[in-house]
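Here are a few short exercises on reading a protein model. Try each one yourself before you look at the solution.

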Amino acid sequence: MSETIDTIEADKDDVTPAATADAAGEEKAGGDDILVQEGDIAGDYLERLLDLLDYDGDIDLDVEAGRAIVSIDGGEDLEKLVGPRGTVLEALQELTRLAVQQETGSRSRLMLDIAGWRADRREELRELGRSTAESVLQSGERVRLQPMSPFERKVVHDAVAAVAGVTSESEGEDPKRRVVIFPES
């Protein structure tokens, strides 16, 4: 099993002298260093897990939108770590966040993807949000979607926001919290 961290190394090396002189640039670079550390801790934790399970997979670490992103790809058994509707993936993400928190002392917003499931799901949800928003726009009737995880709801809300004339909000309590899409008044 190999671990790839090329993306993170490029992020750390891309800091120019002008950026380091800028106070905002220093904060961002410092923030990225913390996120890189979180990614490294998560990568080590997940590598040990894969070794225990005797699963193959390549671990890729990245920093994107103010959070560490860890993805595992390449192994035949990885689908088992996703589970139905991503339930096992969500649990592994929380365990990985706890491992990072235990080592750093602060809560992590780390995002875990396995076998590209989260990336594929994001595309499905964008299409669902867009098509449902267009349907609501034509019919004038509000639509309640099935219960979703916070990750799923955010993707749908973002997709709905891109369609003029409709809006969305979440209703209910987890785990039955859902997105409701309705025409703007």
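**Exercise 1. Find which elements build the wall of the largest pocket, and say which one gives the largest share.**

Step 1: Keep in mind that this is a predicted model. Now look for elements that each supply at least two residues of the lining: they are β3 (67–73), α4 (87–104), β4 (111–114), α5 (117–139) and α6 (150–161).

Step 2: Pick out the top contributor. That's α6, which brings seven residues, the largest share of the lining.

Step 3: Go to the middle. Of the 33 lining residues, Arg 67, Met 111, Arg 118, Arg 122 and Phe 151 lie nearest the centre of the pocket.

Step 4: Sort the lining by type. You should get twelve nonpolar, six polar and 15 charged residues. The space they surround comes to about 890 Å³.

**Exercise 2. Work out what sits over the rings of Phe 151 and Phe 182.**

Step 1: Check for ring-to-ring pairs. There's nothing to find here, as the structure holds zero aromatic pairs.

Step 2: Try charges instead. Over the face of Phe 151 you'll find Arg 118, 4.8 Å from the ring centre. Both of these residues also turned up among those nearest the centre of the largest pocket.

Step 3: Move to Phe 182. Here the charged end of Arg 142 sits over the ring, at 4.8 Å from its centre.

**Exercise 3. Describe the overall fold in a few numbers.**

Step 1: Count the elements: six helices and seven strands.

Step 2: Write their order along the sequence, which gives β-α-α-α-β-β-α-β-α-β-α-β-β.

Step 3: Look at burial. The protein has 185 residues, and 36% of them count as buried.

Step 4: Look at contacts between residues at least 6 apart in sequence. Of these, 61% join residues at least 24 apart.

**Exercise 4. Decide whether Val 166 is buried or exposed, and list its contacts.**

Step 1: Locate Val 166 in strand β6 (residues 166–171).

Step 2: Use the cut-off for buried, which is under 20% relative accessible area. Val 166 has a relative accessibility of 4%, so it counts as buried.

Step 3: Set aside neighbours within four places in sequence. Val 166 then touches Ala 133, Val 136, Leu 137, Val 160, Ile 181, Phe 182, Pro 183 and Glu 184. You've already met one of these, Phe 182, as the ring under Arg 142.

Step 4: Now compare chain and space. Ser 185 is 19 residues away from Val 166 along the chain, and their C-alpha atoms are 8.7 Å apart.

**Exercise 5. Track down some unusual backbone angles and say where they are.**

Step 1: Recall what's usual. Most residues other than glycine have a negative phi, and most peptide bonds are trans.

Step 2: Find a cis bond. The one from Asp 174 to Pro 175 qualifies, with omega near 5 degrees. Pro 175 belongs to the loop between β6 and β7 (178–183).

Step 3: Find positive phi values in residues that aren't glycine. Asp 54 has a phi near 60 degrees, and Arg 85 has one of about 55 degrees.

Step 4: Place them. Asp 54 is in the loop between α3 (23–53) and β2 (58–64), while Arg 85 is in the loop between β3 and α4.

Step 5: Check how open they are to the outside. Exposed means over 50%. Asp 54 has a relative accessible area of 66%, so it's exposed. Arg 85 is at 47%, so it counts as partly exposed.

Methods
Residues are numbered from 1 along each chain as its sequence is written. This is a predicted model: local features need pLDDT of at least 70, side-chain atom pairs count only at pLDDT 80 or more; totals for chains, interfaces and linings use all residues. Side-chain values use heavy atoms; hydrogens and water are left out. On a 1 Å grid over the protein atoms alone, a cavity is a set of points where a 1.4 Å probe fits but cannot get out, and a pocket is an open set with protein on both sides within 12 Å along at least five of seven lines; lining residues have an atom within 4 Å of a point. Grid points are joined across faces, edges and corners, and a volume is the space filled by probe spheres set on the points. Helices (H or I, at least four residues) and strands (E, at least two) are DSSP runs, numbered from the N terminus. Ala, Val, Leu, Ile, Met, Phe, Trp, Tyr, Cys and Pro count as nonpolar, Asp, Glu, Lys and Arg as charged, and the others, Gly among them, as polar. Rings of Phe, Tyr and Trp (its six-membered ring) pair if their centres lie within 6.5 Å; planes under 30 degrees apart count as stacked, over 60 as edge-to-face and the rest as tilted. A charge sits over a ring if NZ of Lys or CZ of Arg is within 6 Å of the ring centre and within 35 degrees of the ring normal. Buried means under 20% relative accessible area, exposed over 50%, partly exposed in between (1.4 Å probe, protein chains only). Contact means heavy atoms within 4.5 Å.
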